[in-house]
Amino acid sequence: MTSIPSKNLWIRRQQCPCGDWKCYITYEGDSDEGSRAEELVKAEKASSGAMITPYVGMVFKSDDEAFEYYGNFARKNGFSVRKERSRVSPQLGIYKRDFVCYRSGFAPVKRKPNGEHHRDRKSVRCGCDAKMYLSKEVVEGVSQWFVVQFSNIHNHELLEDDQVRLLPAYRKIHEADQERILLLSKAGFPIHRIVKMLELEKGIQGGQLPYLERDVRNFVQNRKKVVQENEALLSEKRENDLSELLEACKAMKEVDVDFVYDFTVDENDKVENVAWSYGDSVNANAMFGDVVYFDTTYRSITYGLLFGVWFGIDSCGRTIFFGSVLLQDETPQSFSWALQTFVRFMNGRCPQTILTDLDPGLKDAIRSEYPGTKHVIPPWNILYKVPSWFSLHVGPRYAEFKSMFDALIQIENTEEFELQWRDMISVFGFGSDKHIGLLYSVRASWAQSYVRGYFLARMSTIAYSKSIDAFLKGIFAAQTCLRSFFEQIGISANIQHQAHQETHYMHLKTCIPVEEHARSILTPFAFNALQQELLLAMQYAASEMANGSYIVRHFKSMDGERLVIWLAEDEQIHCSCKEFESSGILCRHALRVFILKNYFQLPDKYYLSRWRRECTLLIDDDHNNQITDGEWFQEYQSLAETLFSESSITKERSDYARSELTKELTRILNEVRNLPDTDEVLMNMTVSPTS
């Protein structure tokens, strides 16, 4: 019996959110994994262009490296190779390797027990003498492999590029295609239709896949056999893995009393869903949980579980981990349980805004569980689906369509968006296209004209999406059992929580008093954003209107003007671009008016607490009662903030403070460690990961 995989493999979800199982979403980077035949061929041609013909005396670090090199050489020259013989010694292990042409030698004659010949089958072997023999030597303690014989003389015709790719050695079905093949096969598609579907999805001509129809047929038959053999074992392994995961959660709870987890079971008392979070994450959410990103882009091949992660952003612009969940399926019921559990973990706090991928089931769950929360789909979660959905439909006009669609996302007026949307449908003849219908039904979550003004805390940027991808890749780099997977998440989350934002001198660039004042209040991340807006504000002219409002225009552009409303009695300012409502950082248009009105300092209300320096230090509310008697801590916190503000004024001050503070803290720490480690009263202070 074939054994089941020992590792738990994770891949991106590729099922289309439109709900049609025949739909397929390709992600940026699929071509790197070999899913596009044309790009593979181009890469091979480019990489083999400067390949040197092997020669006697050529050196390789290992026999595997030599075989790979010889295989690439063979691919370029119209044949393939195989491993023929190896020799072993007690001292050196394998010390001889023979690699030969795939047509080397002759097929042995097989006879039946009664002496009759087997049915003759044509063999490709014809005694070809092309070969590369290697020998291992140890030079100064390092093993190296030398080519001792090489021949590139063949007694058969070599193949052209379009033929050599179909040799068995080069025909491989990659993981992304395997998943798609199994999905279509399960839906009842015959093999020839599956092949045709793959060709259409990849936009290539018939016969250009890097494998043959019979390879697809053999793969489906073998996989069905494996699935049938292992179905019971896989179910048992999944149950055991989930039980071990719960044991790991219980063990973590004993070590960290602030760790939280929950799970559900089915009617057979088997674990379905599991969610967990850490004490540091709960503390961080108390300060930075106003905006949350819920990522659900990965699922397990082995168990079919959907993996979800909650992220946020701290005052220094760093991605912070809030919690994670494993779900049995992708139904609204499962999503609802995940959302309810997250709020319970975070002491009942609902986010002001939640960002997710495009998923109708998740959208319905958010609307039900978080009725007061704004649901936003970041632009990148829309744009990567666009090529898969529309490139074949619009054909050579795709570049024109993409340009029009990109402009649609950025339109700020809802009436104009609706008009341009209808124009796009008419121009490209979409009619009742299901993907156009899906995008339009959720336009309030992704189109700028509908999203503008909702607080996003600068989390809808490409830079933020890359930081999330980096976190997830770190988790999935070691694909193994669920317990180890849980431990890897804990390690990655801890690294994020302990990340230290290096204190650095923030240079002034405008010499405007507003800038200097902001530097003493905002974190470097927020200050850099405001400073950039201040620099751009210098390029704008403001014209006062009769009612006291202002029209602000760029000096080179007469269109794109902004209306800035000024309410003097309350020192309130409102810009039509709504940047402050979105990011919590004043825009260049509002800053231009403040400068025009000779403000040396911005009103305190325009420095949000989440972007202030003091918000990088968070004391757990549950332990506040234990340290109230120690007023020294508040005094220390006040002194630290004052020192930071004063030392940031000049580089000389900053360098001196950093040098002296390190010396003094090191000295105090050493003395504290020499003091007794027990006392009648235990002071338990918890500092958040954002400190």
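1. Let's start with Arg613, an odd one in this predicted model. Arg613 is buried, yet it has no salt bridge. Which side chain of opposite charge is nearest to it? That is Glu614, and it sits 7.4 Å away. A salt bridge needs the nitrogen and the carboxyl oxygen within 4 Å, so Glu614 doesn't make the cut. To find Arg613 in the viewer, go to the loop between α22 (588-596) and α23 (624-627).

2. So what does the side chain of Arg613 have beside it? One of its polar atoms lies 2.7 Å from the backbone oxygen of Arg519. Have a look at that spot on screen: the partner here is a backbone oxygen of Arg519, while the nearest side chain of opposite charge, on Glu614, is 7.4 Å away.

3. Now for charged residues that do pair up. Side chains of opposite charge can pair when their charged atoms come close. How many salt bridges does the model have? The count comes to 29. Points 4 to 6 walk through a few of them.

4. Try helix α6 (residues 213-255) next. Asp241 forms a salt bridge with Lys237, and their closest N and O atoms are 3.8 Å apart. Why are these two about one helical turn apart? Because they are four residues apart in helix α6. Asp241 counts as buried, since its relative accessibility is 6%, and the cut-off for buried is under 20%.

5. Helix α6 also supplies Glu239, which forms a salt bridge with Lys270; here the closest N and O atoms are again listed at 3.8 Å. Lys270 lies in the loop between β7 (260-265) and β8 (271-277) while Glu239 is in helix α6, so this pair ties together parts that are 31 residues apart in sequence. Are the two partners buried or exposed? Lys270 is partly exposed, with a relative accessible area of 33%, and Glu239 is partly exposed with a relative accessible area of 33% as well.

6. Then there's Asp357, in a salt bridge with Lys385, with 2.7 Å between the closest N and O atoms. This pair links distant parts of the chain, 28 residues apart: Asp357 belongs to the loop between β12 (353-356) and α9 (360-369), and Lys385 to the loop between α10 (380-383) and α11 (386-394). Asp357 is buried, with a relative accessible area of 7%. Lys385 counts as buried too, at 1% relative accessibility. And if you'd like a network to look at, salt bridges link Arg85, Arg87 and Asp98.

7. On to the greasy bits. The largest nonpolar core has 74 residues, and Phe307 and Leu586 are the ones that touch the most other members. Where does this core lie? Domain 2 (171-255) and domain 3 (513-615) both give residues to it, so it lies between them. If you leave aside its neighbours within four places in sequence, the contacts of Leu586 include Leu530, Ile573, Phe580, Phe594 and Tyr606. Glu533 is also in contact with Leu586. A second, separate core has 28 residues, among them Ile25, Phe390, Val394 and Phe428.

8. Thr341 is worth a click. This residue lies in helix α8 and is buried, with a relative accessible area of 0%. What does its side chain reach? The backbone oxygen of Trp337, at 2.7 Å. Leaving aside neighbours within four places in sequence, Thr341 is in contact with Asp262 and Ala275.

9. Two residues deserve a check of their backbone angles. Asn347 has a positive phi, near 60°, and is not a glycine. You'll find Asn347 in the loop between α8 (332-345) and β12, and it is exposed, with a relative accessible area of 65%. Arg458 is not a glycine either, yet its phi is positive at about 60°. Arg458 sits in the loop between α16 (448-451) and α17 (462-476), and it counts as partly exposed at 31% relative accessibility.

10. Last stop: Ile491, found in helix α18 (residues 482-498). At 47% relative accessibility, Ile491 counts as partly exposed, because exposed starts over 50%. How far is Ile491 from Gly474? They are 17 residues apart in sequence and 9.9 Å apart in space, going from C-alpha to C-alpha.

Conventions: Residues are numbered from 1 along each chain as its sequence is written. This is a predicted model: local features need pLDDT of at least 70, side-chain atom pairs count only at pLDDT 80 or more; totals for chains, interfaces and linings use all residues. Side-chain values use heavy atoms; hydrogens and water are left out. Buried means under 20% relative accessible area, exposed over 50%, partly exposed in between (1.4 Å probe, protein chains only). Lys and Arg count as positive and Asp and Glu as negative; His and the chain ends are not counted. A polar contact is a pair of N or O atoms within 3.5 Å; within protein, one must be able to donate a hydrogen and the other to accept it, and residues adjacent in sequence count only if both atoms are side-chain atoms. A nonpolar core is a set of buried Ala, Val, Leu, Ile, Met, Phe, Trp, Tyr and Cys residues joined through side-chain atoms within 4.5 Å. Domain bounds come from an automatic or database domain assignment. Contact means heavy atoms within 4.5 Å.
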